[in-house]
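Biologist: I would like to go through this model term by term. Please give the reason behind each label as we go.

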Amino acid sequence: MTNLKHKRLELPDLPYKYDALEPVISKAIMTLHHTRHHLAYVTGVNAAMDKLEKARAGEGLEIDYKAVMRDFSFHMSGHKLHSIFWKNLRKSSKDNAPTGSLLEKINEQFGSFTAFQTEFAGAGKSVEGSGWVALIQDGDDLHIIQIQNHNLLSVLETKTLLVLDVWEHAYYLDYQNDRGKYVDAFWNIINWDDVAARLA
Ligand code: MN
């Protein structure tokens, strides 16, 4: 039964050093966020696959399908979102903004970059509990959505361009309970080249 194997996930390396995003996000947060939190999602989805494979192999393991399916969705989505998030970020700069065709698309869809920022920040600051705010592409249209946890309120069959993690683990060490200050500082570290490359 060894050919019943799905590929196990691995924690991807960050595309920069842990202190690269300071002062917006500290080395301490980045280290914990990557090596503990993201790793936990990788481990979690692999554990769900282990359970499913044992059940498929008829090893007599009775599994709670509802719980395993929940774990698979939660951890796989957490892994996918963090993998995009790391690439969406770069060293802080004051004049950081989208340019070229990405800026044109944002202007066409949201009216202006300022209007886009207002909607994205408003969505991010108001996520209930733990979650994300995301810019997604559906055909020719761009939309901003909230995601609760990693996998609720999300929209299937769309492309994810830009995400911001608003779980407390993403900012609490630096900003305590001031999620708004963290969301406002995020504009300085967006890697707009990465976002533009994702825009199909
Ligand atoms: Mn996170």
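Modeller: A helix here is a DSSP run of H or I with at least four residues, and helices are numbered from the N terminus. Under that naming, α3 is followed by Gly 111, whose phi is positive, near 100°. Bear in mind that this is a predicted model.

Biologist: What makes His 33, His 82, Asp 165 and His 169 donors of the manganese ion?

Modeller: A donor must be an N, O or S atom within 2.8 Å of this metal. The NE2 atoms of His 33, His 82 and His 169 and the OD of Asp 165 lie 2.0 to 2.1 Å from the manganese ion, so they qualify under the cut-off. Along the chain their spacing is H-x48-H-x82-D-x3-H. His 33 belongs to helix α1 (residues 27–56) and Asp 165 to strand β3 (residues 159–165), so this pair links parts that are 132 residues apart in sequence.

Biologist: Which residues does UniProt list as "binding site"?

Modeller: The unreviewed UniProt entry lists His 33, His 82, Asp 165 and His 169. They are spread over 137 residues of sequence, yet they cluster in space, with a largest C-alpha distance of 12.4 Å.

Biologist: Why is His 82 called buried?

Modeller: Buried means under 20% relative accessible area. His 82 has 0%, so it counts as buried. The residue lies in helix α2 (residues 65–87). Apart from neighbours within four places in sequence, its contacts are His 33, His 38, Tyr 41, Trp 132, His 150, Asp 165 and His 169.

Biologist: Is Asp 165 buried or exposed?

Modeller: Buried: its relative accessible area is 0%. Asp 165 sits in strand β3. Its C-alpha atom is 8.0 Å from that of His 82, although the two are 83 residues apart along the chain. Among the contacts of Asp 165 outside its sequence neighbourhood are His 33, His 82, Trp 132 and Tyr 182.

Biologist: And Asp 194: what makes that residue buried?

Modeller: Its relative accessibility is 15%, so it falls under the 20% limit and counts as buried. Asp 194 is found in helix α7 and touches Lys 87 and Asn 88, residues up to four places away in sequence not being counted.

Biologist: How do you know that the buried residues of α3 line one face of the helix?

Modeller: The buried residues of α3 (residues 100–110) are Leu 102, Lys 105, Ile 106 and Phe 110. Viewed down the helix axis they fall within an arc of 100°, so they line one face. On the other side, Ser 101, Glu 104 and Glu 108 are exposed. The cover over the buried residues includes α4 (113–125), β1 (131–138), β2 (141–148) and α7 (192–198).

Biologist: Where does the largest nonpolar core lie with respect to domain 1 (27–87) and domain 2 (100–199)?

Modeller: The core has 51 residues, of which Phe 116, Phe 120, Tyr 182 and Trp 192 touch the most other members. Both domains give residues to this core, so it lies between them. The C-alpha centres of domain 1 and domain 2 are 23 Å apart, and the contact takes 16 residues from domain 1 and 21 residues from domain 2. Tyr 182 has contacts that include Ile 25, Phe 85, Leu 164 and Asp 165, sequence neighbours within four places aside.

Biologist: What is noted about phi of Glu 157?

Modeller: Most residues other than glycine have a negative phi. Phi of Glu 157 is near 65°, a positive value in a residue other than glycine. Glu 157 lies in the loop between β2 and β3. Its relative accessibility is 77%, over the 50% limit, so the residue counts as exposed.

Biologist: Why does Gln 176 count as partly exposed?

Modeller: Its relative accessibility is 42%, and partly exposed covers what is between 20% and 50%, so the label follows. Gln 176 lies in the loop between α5 (172–175) and α6 (179–185), and its phi is also positive, near 50°.

Biologist: What makes the peptide bond from Glu 22 to Pro 23 cis?

Modeller: Its omega is near 5°. Pro 23 is in the segment before α1. Most peptide bonds are trans.

Conventions:
Residues are numbered from 1 along each chain as its sequence is written. This is a predicted model: local features need pLDDT of at least 70, side-chain atom pairs count only at pLDDT 80 or more; totals for chains, interfaces and linings use all residues. Side-chain values use heavy atoms; hydrogens and water are left out. Donors are N, O and S atoms within 2.8 Å of the metal (3.2 Å for Na, K and Ca); water is not among the atoms, so sites may look incomplete. Helices (H or I, at least four residues) and strands (E, at least two) are DSSP runs, numbered from the N terminus. Buried means under 20% relative accessible area, exposed over 50%, partly exposed in between (1.4 Å probe, protein chains only). The arc is that of the directions from the helix axis to the C-beta atoms. Contact means heavy atoms within 4.5 Å. A nonpolar core is a set of buried Ala, Val, Leu, Ile, Met, Phe, Trp, Tyr and Cys residues joined through side-chain atoms within 4.5 Å. Domain bounds come from an automatic or database domain assignment. UniProt positions are given in the numbering used here, feature names are shortened, and annotations may be inferred rather than shown by experiment.
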